Amino acid sequence: MKSETWKVGWGLVVGWMIGLHGAAAVARDIYVNPETGEERSSGLAAEKKGADGPVKTIHRGVRMAQPGDTVHLAPLAAPYREVAVFHNAHGEPGRPITFDAHGATITGSEPLNPDDCREVSPGLYRTDRLIPAKLVTPEDAVSRRWFFLYDGRMNHMGRSAKGRNAPYKKPSELAVGEWTYQRDENAFYLKIDPKKKLADYRIEYPARGAGMQVSGDCAHLVIRNLVATHAYNDGFNIHGKTRDVRYENIQSIECGDDGFSAHDDCDSVIDGFISIGNSTAIANAGRCSTTNSRVFADKNLGTDLLFFGSGVHTLTNSHIRCSGAYSLRLYGADAYDNVCTLKLENVLIERAGETSPLKVDHNGALEADHVTLLGLGLQAAGKSVTLHNCAVGGQPMPEWSLSTATLWTADHNLYDLKLLQIGNTSYDQPVFNTYQQMTRQDGNSRWAGFHYPPGAANQPAWAIPGAGCDLAKLAKGPSH
């Protein structure tokens with residue numbers, strides 16, 4: 001009798017546990033709408049109906065999310081004025097926490113309040129209410145990322161966090177539509193038409209540091225269909241330790257520092273990213289490893305691509321238009337074994353403005369396969385450079401320079417260079433055979449002029465079939 005009773009009791013316990021697990025495994029949809037939502041709502045319906053309805057803030061929606069849940073942002077015309085933050089958030093393998101913005105925009109900017117400004121001379125206004133003094137470091141960490149929006153147009157005043165850094169003008173030197181910062185006062189000065197009032201302008205300033213932040217110990221997250229803009233730091237950044245964090249179809253537009261930035265011990269995957277008008281398109285540092293696919297970058301100001309520290313980073317099926325002060329910077333950590341590797345596969349990197357050569361420095365390793373490089377020189381003093389099935393040329397005709405300490409491995413390439421220098425020895429097209437014999441590289445390569453039609457739908461007819469990228473597979477910009 002005791003045995004039968006035990007069996008019945010245990011069966012009830014098992015049934016209760018299975019039911020509990022089944023309930024916990026049900027994926028929920030959590031809705032956010034700042035226009036119609038309420039923080040006391042359940043968040044489990046897109047439209048308000050009794051206790052159900054959307055929550056008002058992203059913060060509330062994210063805090064509610066459990067493994068398997070999806071947080072949905074209402075695709076509003078107006079931007080969300082809030083930072084989206086995942087801190088110490090964990091989904092589960094096969095049951096991630098998903099954040100789907102459905103094309104919504106998170107902005108880091110806020111309208112300038114005319115009452116926070118004082119007119120010091122006709123058309124010249126001063127405000128010391130925008131940056132707390134504690135945020136301004138001796139390196140001007142915040143002010144170097146700063147900008148103002150005049151009627152929607154971003155003005156950096158020739159400064160960027162990882163690039164050109166024009167000196168601040170004196171307030172008396174400002175033209176209409178310009179601004180400056182006086183560090184000793186911790187104050188900004190803005191110049192407008194003296195015939196108008198400050199309220200006549202639609203001026204905004206960057207009040208928040210990021211669009212989407214992931215920090216702490218996080219795993220199994222998916223972030224998709226989000227546009228981040230006008231933050232004074234990064235559009236998207238990660239700090240701490242992350243595993244299985246995936247970004248799909250995201251955009252970073254006109255942020256003060258990086259479009260996307262992974263730090264510390266953070267691994268991440270990007271599949272679809274547009275980065276326009278930031279200081280840096282991608283800047284990954286620390287002990288992280290990242291996978292980046294279908295990236296389109298254009299009009300970035302400081303450094304187009306920046307990878308340093310240690311780890312392995314891949315960039316595939318991507319189109320990078322270089323116009324920053326630096327095109328590519330790749331270097332490893334100080335310890336000899338801490339190599340920073342960048343693997344490029346089916347990538348077009350082209351010169352689109354005044355920029356520097358590709359730079360592979362201390363403990364940096366560059367591996368390129370089916371890559372087209374146009375108008376960009378190379379300065380390599382790092383660990384290694386590997387080039388296979390690539391096309392290198394363009395205007396201005398590039399010069400490539402490699403240190404003898406850099407391991408150079410190359411074959412099945414097409415070159416249209418002005419000069420290729422290995423150590424103190426220089427080679428050009430007439431002595432390409434000598435180069436092949438001396439270096440024992442590029443035995444199946446050619447040095448010949450080629451025509452590259454930008455925007456062509458199909459692969460150009462290279463002198464070597466298959467050299468360079470496949471244009472049809474590259475990420476497209478927003479105008480395509």
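Aromatic pairs number 21 when the whole structure is searched, and the structure in question is a predicted model. Two of these pairs are set out below, followed by an aromatic cluster and by two arginines that lie over tyrosine rings.

**An edge-to-face pair**

- Phenylalanine 236 and tyrosine 247 form an edge-to-face aromatic pair, with 6.0 Å from centre to centre and 85 degrees between the planes.
- Because phenylalanine 236 belongs to strand 17 (residues 234-238) and tyrosine 247 to strand 18 (residues 241-253), the pair ties together parts that are eleven residues apart in sequence.
- Both phenylalanine 236 and tyrosine 247 are buried.

**A stacked pair**

- Phenylalanine 308 and tyrosine 331 form a stacked aromatic pair, for which the centres are 5.2 Å apart and the planes stand at 15 degrees to each other.
- This pair links distant parts of the chain, since phenylalanine 308 is in strand 24 (residues 303-309) and tyrosine 331 is in strand 26 (residues 326-332), 23 residues apart.
- Phenylalanine 308 has a relative accessibility of 27% and therefore counts as partly exposed, and tyrosine 331, with a relative accessibility of 27%, counts as partly exposed as well.

**An aromatic cluster and charges over rings**

- One aromatic cluster is formed by Trp146, Phe148, Tyr168, Trp179, Tyr181, Phe188, Tyr205 and Tyr232.
- Tyrosine 168, a member of that cluster, has arginine 159 lying over its face, at 3.8 Å from the ring centre.
- Arginine 329 lies over the face of tyrosine 326, where the distance from the ring centre is 4.5 Å.

Notes. Residues are numbered from 1 along each chain as its sequence is written. This is a predicted model: local features need pLDDT of at least 70, side-chain atom pairs count only at pLDDT 80 or more; totals for chains, interfaces and linings use all residues. Side-chain values use heavy atoms; hydrogens and water are left out. Rings of Phe, Tyr and Trp (its six-membered ring) pair if their centres lie within 6.5 Å; planes under 30 degrees apart count as stacked, over 60 as edge-to-face and the rest as tilted. Helices (H or I, at least four residues) and strands (E, at least two) are DSSP runs, numbered from the N terminus. Buried means under 20% relative accessible area, exposed over 50%, partly exposed in between (1.4 Å probe, protein chains only). A charge sits over a ring if NZ of Lys or CZ of Arg is within 6 Å of the ring centre and within 35 degrees of the ring normal.
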